[in-house]
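Welcome! Take a moment to look over the sequence and the fold, and then let us walk through some of the details together.

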Amino acid sequence: MSDADHEAAPDAPAPRKRNAERTRKAIMSAASKEFSQAGFAGARIERIVKAAKCNIRMLYHYFGDKKGLYVAVLEAAYEDLRNREAELKIDFDKPLEGFLELQRFTFEYFEKNPRFEGLLRNENLMQGKFVAQSRKVTETAFPLRRTIERLIESGQEQGLFRDNLDPIQIYVTIAAMSRFHLANGWSLSVTLDTDMSTAEWRRARLQHALDVLEGYLTAA
C-alpha cells in the first residue's frame, strides 16, 4: 500500500456518510414533489427514485416502504414550518404586532411553499389518515399554541383584545386566510373574473387578512 493509500484510509468513511446523507435528502426532495402533486395513492416509487437518481433498494433501506417515506415527508414538512415559526421575533409586550407578524409569516410561507400546500390538500382528501398517526406533528405544534395563548393573555391584560378569544379558532382563521385563495385560486379566479395569482392581488389579500385579524382581536 502506498503512502497515499495510508493517508486516505482514515477519511474513507466520511465520503460514504456524506453520500448517504445526500442520497437520503435527494429521495426526500423527490418524494416531496411527487406526493404533493400526485398524493399518496397516485405517487409512484419508480418516479421518485428516477428523480433522486438512486436505486429502489436505497429508498427501502432508508424508509422501509412507501408509507414510511410518505410519513417522513409529511413530518419533515410540518417540522420545517414549525422551525421557521420558532424563528419569529415575537414581542409578547406587543401582542397585536405579534399576531400580525404571525399572519404575515403564515401567508408568505404557504405562498412560497406550494409543496406543503399540496401535501395538506392530499392528506385532507384522505381524512388525515397519516398525519393522525404521527406524534411528531402534534408535538411540534405545542410551542405555536403556547405562543398564541401568551399573546392573547398579554393583549387582554393590556385591554387591547376582546374577551373569550379561542387560540385554536384564531390559528384556523390565520391558516385559512393564508391558503384558501391558493387551494381554490383557479376556480375562484374564473368565477369572480379576477386573477388571484398576480402579485398585486396577493398583496391586497394579505392586507385584507391583516385587517380582518386586527378587527376581530380588538373588537369591543
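Let us begin in a loop: Asp-193 sits between H11 and helix H12 (199–218). Keep in mind that this is a predicted model. Asp-193 is not a glycine, yet it has a positive phi of about 55°. Most residues other than glycine have a negative phi. Is Asp-193 buried or exposed? With a relative accessibility of 71%, Asp-193 counts as exposed, because the cut-off for that class is over 50%.

Gln-127 tells a similar story. This residue lies in the loop between H7 and H8, and its phi is positive, about 60°, although Gln-127 is not a glycine. Gln-127 is exposed, with a relative accessible area of 75%.

The loop between H7 and H8 also holds Ser-134. Here the relative accessible area is 5%, so Ser-134 is buried. What does its side chain reach? A polar atom of the Ser-134 side chain lies 3.4 Å from the backbone nitrogen of Lys-136, and the side chain also reaches the backbone nitrogen of Val-137 at 3.3 Å.

**Two helices to look at**

Helix H3 (residues 45–52) has a buried set made up of Ile-45, Ile-48, Val-49 and Ala-52. These residues cover an arc of only 90° around the axis, which means that they are on the same side of H3. Glu-46, Lys-50 and Ala-51 are exposed on the other side of H3. After H3 comes Lys-53, whose phi is positive, near 60°.

Helix H5 (residues 66–86) lets you check a simple rule. At 1.5 Å a residue, its 21 residues should span 30 Å, and the end C-alpha atoms are indeed 30 Å apart, so the two values agree. The N-terminal end of H5 is capped by Asp-65, with a side-chain oxygen 3.3 Å from the backbone nitrogen of Lys-67.

**Two pockets**

Now turn to the pockets, whose linings can be set side by side.

| Pocket | Nonpolar | Polar | Charged |
|---|---|---|---|
| Largest pocket | 17 residues | three residues | four residues |
| Second largest pocket | six residues | seven residues | seven residues |

The largest pocket has a volume of about 680 Å³. Its lining has 24 residues, and those closest to its centre are Tyr-78, Arg-82, Tyr-171, Val-172 and Ala-175. Which helices take part in this lining? At least two residues each come from H5, helix H7 (114–125), helix H8 (135–140), helix H9 (142–157) and helix H10 (167–183). Of these, H10 gives the most, with seven residues.

The second largest pocket holds about 370 Å³ of space. Among its 20 lining residues, Pro-114, Leu-182, Ala-183, Trp-186 and Arg-202 lie nearest the centre. Two or more residues each are given by helix H2 (13–42), helix H6 (95–112), H7, H10 and helix H11 (185–191). Which helix gives the most to this lining? That is H7, with five residues.

**One last stop**

Finally, find Ala-38, which is in helix H2. Its relative accessible area is 30%, so Ala-38 counts as partly exposed. Ala-38 and Leu-96 are 58 residues apart along the chain, and their C-alpha atoms are separated by 39 Å.

Methods:
Residues are numbered from 1 along each chain as its sequence is written. This is a predicted model: local features need pLDDT of at least 70, side-chain atom pairs count only at pLDDT 80 or more; totals for chains, interfaces and linings use all residues. Side-chain values use heavy atoms; hydrogens and water are left out. Helices (H or I, at least four residues) and strands (E, at least two) are DSSP runs, numbered from the N terminus. The expected span of a helix is 1.5 Å times one less than its number of residues. A polar contact is a pair of N or O atoms within 3.5 Å; within protein, one must be able to donate a hydrogen and the other to accept it, and residues adjacent in sequence count only if both atoms are side-chain atoms. On a 1 Å grid over the protein atoms alone, a cavity is a set of points where a 1.4 Å probe fits but cannot get out, and a pocket is an open set with protein on both sides within 12 Å along at least five of seven lines; lining residues have an atom within 4 Å of a point. Grid points are joined across faces, edges and corners, and a volume is the space filled by probe spheres set on the points. Ala, Val, Leu, Ile, Met, Phe, Trp, Tyr, Cys and Pro count as nonpolar, Asp, Glu, Lys and Arg as charged, and the others, Gly among them, as polar. Buried means under 20% relative accessible area, exposed over 50%, partly exposed in between (1.4 Å probe, protein chains only). The arc is that of the directions from the helix axis to the C-beta atoms.
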